[in-house]
Amino acid sequence: MIEIKGITKRYGKHLYALKGINASLKERVTTVIGRNGAGKTTLVRILSTQLLPTSGTATIEGYDIIKDTKKVRNLISSIPQESQLIGILSPLEQMQLYLMAKGFSAQQAKAESKEALDQLELYDFRNAPSDTLSGGMKRKVFVAMALAAKSPVIFLDEPTTGLDPLSRIEVWSAIKRLTSKIILTTHYMEEAQELSNEVVVIDQGNIMTHGTIQHLLSTFNGKMRAEKLDGEEYDIKIANVAIKYIEKDKVDEFISKGYDIKRINLDDIFLSKGVMLES
Ligand SMILES: Nc1ncnc2c1ncn2[C@@H]1O[C@H](COP(=O)(O)OP(=O)(O)OP(=O)(O)O)[C@@H](O)[C@H]1O
Ligand SMILES: [Mg+2]
């Protein structure tokens, strides 16, 4: 379990990247979702002991990120946003380096790397220069590193940003092989839905909403989404599209007013909080 206790991060005099956030992350896979600049990377870097908060702290499996930094580091693997492989080294070589830096012996590092590469269907590429791999394969190598390190807690900062839909699905299936506790960040709602049971939505350094996907959807309590370009009735309006959350018995009425009726999905969790994401 991860307990976030009043974490604030200030950059310079006035910019608060995180504004005193609190949360208990209890589920095995948690997605932190939010648009560019929301504070996702700042949070992940603080939790993974790469950056000190301005105030507040957190515990990971009971260890304090500030007081017990060494213990926390032994528990975690963190794959930073936009991590790059060294082009002239092969996946196997880089994974071995990573694992040896984590304290594995050379022999153990090689054996674990090979096994993880095999599990993620990268074994045939183990000796190829990383430069020759596709973007999706490169990301999978990072997931393989996390898999091989067998850390109980893994942070993945935007593991699929910029990938084509097929490569994204490949990386998803690689992530699904991990059995550790995972905290991942993303801009994509489908990704949160696909991979996690718990989502934390952050915007401008604040937690807008937090809960299991099931719980967040249940707050709409059977309502439907009615939307119409330039519609006159709305709860929220986005780029001239009027969106109104209606009870089921109002569906016919809104259809006759020219609205399209949609089922509630994860988009609505964000839209209803005024947070817009890419999809
Ligand atoms: N080293 C830094 N110095 C100054 N400001 C920073 C620094 N790092 C981040 N920021 C600012 O803090 C805020 C949060 O940034 P952060 O990188 O955590 O966002 P993010 O949610 O990860 O965004 P993205 O989706 O683009 O990766 C932004 O306003 C950013 O400009
Ligand atoms: Mg980021």
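**A walk through the sheet, the hairpin and the ligand sites**

Hi everyone, let's start with a sheet: four strands form an open one, in the order β12-β13-β11-β14, with antiparallel pairing. At its edges stand β12 (236-238) and β14 (260-262), each with a single partner strand, so one side of each has no neighbour in the sheet. On average, neighbouring strands here are turned by 30° against each other, if we ignore direction. Please keep in mind that this is a predicted model.

Let's look at one pairing in that sheet. Strand β11, residues 224-229, is joined to β14 by three bridges, and the two run antiparallel. If you want a place to point at, find Ala226, which stands opposite Ile261 in β14.

Now please turn to another group of strands. Strand β1 (residues 2-11) pairs with strand β4 (residues 55-60) over five bridges, in the antiparallel sense. Here Ile4 stands opposite Ala58 in β4. Strand β4 is also joined to strand β5, residues 63-64, by two bridges, again antiparallel. In that pairing, Thr59 faces Asp64 in β5. What do β4 and β5 form? They form a hairpin with two residues between them, and Glu61 in the turn has a positive phi of about 50°.

Next, the ligands. Which residues coordinate the magnesium ion, ligand 2? They are Thr41, through OG1, and Gln81, through OE1, at 1.9 to 2.2 Å. Thr41 sits in helix α1 (residues 40-47), while Gln81 is in the loop between β6 (76-79) and α3 (91-101), so the pair ties together parts that are 40 residues apart in sequence. Are these two buried or exposed? Thr41 counts as partly exposed because its relative accessibility is 26%, and Gln81 is partly exposed as well, at 29%.

Thr41 comes up again at ligand 1. This ligand is surrounded by 14 residues, and the closest are Gly37, Lys40, Thr41, Thr42 and His187. A backbone N or O atom of Gly37 lies 2.8 Å from an oxygen atom of ligand 1, and a polar backbone atom of Gly39 is 2.9 Å from a ligand oxygen. Glu158 contributes with its side chain: a polar atom there lies 3.0 Å from an oxygen atom of ligand 1. On its own, ligand 1 has 640 Å² of accessible area, and the protein covers 63% of that. Two elements, β2 (15-25) and α1, give two or more residues each to the shell, and the largest share, three residues, comes from α1.

So if you remember one element, let it be helix α1: Thr41 lies in it, and Thr41 coordinates the magnesium ion and is among the closest residues to ligand 1. Thanks for listening!

Terms used: Residues numbered from 1 in each chain as written. Chains lettered and ligands numbered in written order. Predicted model: local features only at pLDDT ≥ 70, side-chain atom pairs only at ≥ 80, totals over all residues. Heavy atoms only, no water. Donors = N, O, S within 2.8 Å, 3.2 Å for Na, K, Ca; no water. Buried < 20%, exposed > 50% of the residue type's maximum accessible area, 1.4 Å probe, protein only. Pairing = 2+ DSSP bridges. Axes fitted to C-alpha atoms, helices over the stretch in contact; angles between N-to-C directions. Near = heavy atom within 4 Å. Polar contact = N/O pair within 3.5 Å; in protein donor to acceptor, adjacent residues only side chain to side chain. Areas by Shrake-Rupley, 256 points an atom, 1.4 Å probe, with all protein chains shown as cover.
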